[in-house]
Amino acid sequence: MIRALAVALLLALPLAACNEDGGSGSGGSAPAGMARMAATAPMATEPPPAGAAPADTAGNLQPDAAGFLAYTHDRSLVTDAPDAQVAALEQLCRDMTGCTVLTVRVDGTSSGYFEARLPKPGVGRFDDYLSGIAENGEIDRQTSAEDLSDQVVDVKQRIALLTTHRDRLQALYQRSDARLEDLITISRELADTQTRLERAQGEFGRLESRIDRDIYRAQLRAPVTEPGLLAPFGNLGEELLFTLVYTLRDALEVLVWIIGMLPALIPLVLLLTFAVRYIRRRRKG
């Protein structure tokens, strides 16, 4: 009885401290853990070697002088053939180790947009390339940083708590005097702890990738062509042609209307003709 109570306390306290949902560790996850008990129990009999805990992996991420910062670089420039230059930027990213193309957008030959996630040394390489293709070598530069220190610290703490709790569960599972009821409870909690530990490790990996690799965005525009001295008269011939076409169209519409009205006009014309002849005869008589 005392041993079962000790096991329950050991399971409940650490899980309550590191549960992402804010509930108790053993209450809400018991059904899901029980379903994975058979698959998890044999794996738990082989504890990981010392030094291989996920908490050690999380410690490899080093902050800079201001903390864990995620940088975003925005560049804007005027260049010839933006569509071809965007394709060149895409190829430059594919040839660079650790660079991932996120967005490529081209609006004909007038503008283009490029976005990628790349290692920090790659920012200088992209800036040098853009300076070489920019009109007069001029580039509008803007760099912003997002501090992810709170998220990193929170995730590392959760990984450390979950790792410690998993190791304790594995030690309990290996005890020779453990009863069947204790093994079932431990297997259930061990499966749930391992799931949440892997989720926390994945979240840390995303934070690590965002901090280690910067977001680089470039907006390219084609030069604006100034109008010449004859620009106001450039469309004069086209306007005259359109006017002539519209006039002919209106004349044809009138002609078609007249032809369509002929069957109705013939009796009227005959009646007017007879009336005129009658009046003339009366005047002669």
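## A guided tour, from one loop to the whole chain

Begin by selecting Asn136, which sits in the loop that runs between helix 6 (121-133) and strand 4 (139-147). The model in the viewer is a predicted one, and the backbone here deserves a look, since Asn136 has a positive phi of about 60 degrees although it is not a glycine. Most residues other than glycine have a negative phi. With the surface switched on, Asn136 shows up as exposed, at a relative accessible area of 67%.

Next, select Ala81, which is placed in the loop between strand 1 (69-78) and helix 5 (82-94). Ala81, not a glycine either, has a positive phi, in this case of about 50 degrees. Its relative accessible area is 37%, so Ala81 is classed as partly exposed.

Keep that region in view and add Ala222, found in the loop between strand 5 (213-221) and helix 9 (236-284). Which residues does Ala222 touch, if those up to four places away in sequence are not counted? They are Val78, Thr79, Pro82, Thr109 and Ser110. A C-alpha to C-alpha distance drawn from Ala222 to Asp83 comes to 9.3 Å, while the two residues are 139 residues apart in sequence. Ala222 is partly exposed, with a relative accessible area of 24%.

Now hide the loops and select helix 7 (residues 149-173) together with helix 8 (residues 180-212), which pack with their axes 9 Å apart and at an angle of about 155 degrees. Because angles over 145 degrees count as roughly antiparallel, helix 7 is roughly antiparallel to helix 8. Viewed as a crossing, helix 7 passes helix 8 in the left-handed sense. If the residues of this contact are coloured by class, 15 are nonpolar, 8 are polar and 6 are charged.

Finally, zoom out and colour the protein by secondary structure, which comes to 9 helices and 5 strands. Following the sequence, these elements appear in the pattern α-α-α-α-β-α-β-β-α-β-α-α-β-α. How much of the contact set with a separation of 6 or more comes from residues 24 or more positions apart? Such pairs account for 81% of those contacts in the protein. Of the 285 residues, 31% are buried, and the accessible surface of the protein is about 18000 Å², with 60% of that area belonging to carbon and sulfur atoms.

How values were computed: Residues numbered from 1 in each chain as written. Predicted model: local features only at pLDDT ≥ 70, side-chain atom pairs only at ≥ 80, totals over all residues. Heavy atoms only, no water. Helix = DSSP H or I, 4+ residues; strand = E, 2+ residues; numbered from the N terminus. Buried < 20%, exposed > 50% of the residue type's maximum accessible area, 1.4 Å probe, protein only. Contact = heavy atoms within 4.5 Å. Areas by Shrake-Rupley, 256 points an atom, 1.4 Å probe, with all protein chains shown as cover. Axes fitted to C-alpha atoms, helices over the stretch in contact; angles between N-to-C directions. Parallel < 35°, antiparallel > 145°, perpendicular 65-115°, else oblique. Left-handed = near helix turned anticlockwise from the far one by under 90°. Nonpolar A, V, L, I, M, F, W, Y, C, P; charged D, E, K, R; others polar.
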